[in-house]
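Trainee: I am new to this structure. Could you walk me through what is worth looking at, and how far to trust it?

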Amino acid sequence: MRKPLAKDALRQLAEQHGVCVRPLALRRTDTETGATEVIEVPCGATLAAKCKPCAERGRRLRIQQIREGWHLADEPAIRPDHPGEDVLALVRVRAHMEFEREALQYQPMHPDERAAQLADLDQGITELDEVLAATDLRGHLTPRERIDRPRRKRSTKRRQDSPDLPRLPVDPRTVGRAYAGRDGKTYRPSMLVTLTLGSHGPVHSHLRRGAYIAPCECGQRHGPHDDLLGTPVDPASYDYRRAALDSIHFARVLDRWWQNVRRTAGWNVQYAGAVELQRRLAPHAHFAIRGTLPRRLLKQIAAATYHQVWWPAFDEPVYTVDKPPVWDVEQQAYVDPKTREPLTPWSLALDELEEPNSRPAYVARLGRIDARGIEQGTKDAERSIRYVTKYVTKDLTDQARPRSDAQKAHFDRLHAELSVLPCSPTCANWLLYGVQPDGVKAGLTPGRCTGKVHQRSTLGFTGRRVLVSRQWSGKTLADHRADNRAWIRAILAGGMADTDAADENQGDGHGQAADDNPQRYRFELARPEDPDVLPLEHRILRAVSARIRWRTDLDAARRRATDAVSATGRETTDNGEKGK
């Protein structure tokens, strides 16, 4: 039984060489020649539990993205290409169809005939929108819904219990200030900022101050691996409800934070960061910020940042999970199991919030903020980048997975609170508070909402784990992948040679690049039972061998390029000395 397993050996070898352990087999069909072939693509998983090589590849790409955009000296050039004439022709046809649809409303005809013509015209508009979606246009030409739902307007006046912030016109620049040193060198520092939530009660902590370990709230000194770390000192007084609500709305608080930062700083501050869980199971975020801001200003912004949840009140549950409201087929609503009276509809519950003295159901706020300056090109900068991306390959709860009984009990109590709180207007848990969910339908079970908020793998946080602003590096992840491929092709071509012309000539054999006809190939998933699809183990072994050979060729090409550059440098130096 102690002998190693063959499957484990294969997986370990694949992970050592960066080969995907669960590649997807795609069948590519050439629509011009009719030839088909099976190609393999990596699964692209972002979690190491699913595929460690793909997750690690994604983490290295994030590291490259943060490194390139953190200390930019010039504004990132983002200039969208002009649309082609074929795209403009489609938009022109779409404009005529919209005009015809509006003109149809004023033509004298029978209502049934008008409705039939409108249906045909809307069908044509839908088909044309699908064609436009297949082009290289980014975004939607028109809103998806022709008739927008009425939006409820809330007062934008700041709360009286939050300090006011200075509001400046936002300058379009994204690059921070540069400082001249005494030695004549120009410094362009940036910042690393950590945002956390407020305290929900004292927890057992490992407090190290240099070589001295400070006592915890309980009066004892805990080691770095103590089983009580992160658990409440007094579980009975720990505010689990507020901890759960802060986790649910933490993503909205971060959005509000960056809005306040830009309005207060007066320029378009750019950021890149990730969200993690603390030992107390509360989310916090690490951000790399381009440029610098005064720490006093950042703390002032954190104290003034909040997010108001304008939902119906859900302080006290009216029903229990064991005896929830029941669905009435005749009324098409959930009713009280005893009185058979329908619950308050969602629209009426929101109408009550229109009263002048109404208050939000909850207000989420930020807590502590830590900020420090980072110099470009230092070891601290590289260490900070890896600190930000340390846990992006793990699930949110993996780095804070409970080990001891006390930590498991703390985890279960927080998850139990999350399971009965509403996560959205359509959440089934609104039935516990006497309110019909938005878009109510039969089959809702309170306490078992299928939203990600209530899952044990998210523990309340459902926003994006990695947050990168639009003008961080001026590139998307696809652009960074293309840069890496171009660099590898240049190395293999011989010493950083320009291979753009060679790439353009590689096509279908007629001088036309394959990318010129994006509709030439048709892709579909290949079935494992197809005769030309090898078993997964055979495909992984073949991919490992190809990876080793590719790595060997790349290392040899890099050595040849380095030797060529070194020899050229020595020859130039010798000729220069002789000339003197």
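Mentor: Let us begin with confidence. In the protein chain, helix α12 (residues 500-505) has the lowest confidence, a mean of 38, while helix α5 (residues 240-248) has the highest, at 96. The score is pLDDT, the predictor's confidence in each residue, from 0 to 100. Helices here are DSSP runs (H or I, at least four residues), numbered from the N terminus. This is a predicted model, in which local features need pLDDT of at least 70 and side-chain atom pairs count only at pLDDT 80 or more, whereas totals for chains, interfaces and linings use all residues. Residues are numbered from 1 along each chain as its sequence is written, and side-chain values use heavy atoms, with hydrogens and water left out.

Trainee: Which stretches have a pLDDT below 50, and how many contacts does each have?

Mentor: Residues 495-515 are below 50, with 17 contacts (heavy atoms within 4.5 Å) beyond near neighbours in sequence. Residues 576-580 are also below 50, with 0 such contacts. Where pLDDT is low, the predicted coordinates should not be read in detail.

Trainee: And what is the average pLDDT of the protein chain?

Mentor: The average is 87, and 92% of the residues score at least 70.

Trainee: New topic: how many disulfides are there?

Mentor: The search of the whole structure finds 0 disulfides, a disulfide being a pair of cysteine sulfur atoms within 2.5 Å.

Trainee: Why is Cys20 not bonded to Cys43?

Mentor: Because the sulfur of Cys43, the closest cysteine sulfur to that of Cys20, is 3.6 Å away, too far for a bond. Cys216 is in no disulfide either, its nearest cysteine sulfur being that of Cys218, at 4.0 Å.

Trainee: Is Cys216 buried or exposed?

Mentor: Cys216 is buried, at 8% relative accessible area. Buried means under 20%, exposed over 50%, and partly exposed in between (1.4 Å probe, protein chains only). Cys20 is buried too, at 6%.

Trainee: What about the aromatic pairs: how many are counted?

Mentor: The count is 12. Rings of Phe, Tyr and Trp (its six-membered ring) pair if their centres lie within 6.5 Å; planes under 30 degrees apart are stacked, over 60 edge-to-face, and the rest tilted. Among the pairs, Trp327 and Tyr334 are edge-to-face, with 5.0 Å between centres and 65° between planes. Trp327 is partly exposed at 22%, whereas Tyr334 is buried at 2%.

Trainee: Which residues form an aromatic cluster?

Mentor: Trp311, Phe314, Trp346, Trp430 and Tyr433 form one cluster.

Notes: Helices (H or I, at least four residues) and strands (E, at least two) are DSSP runs, numbered from the N terminus.
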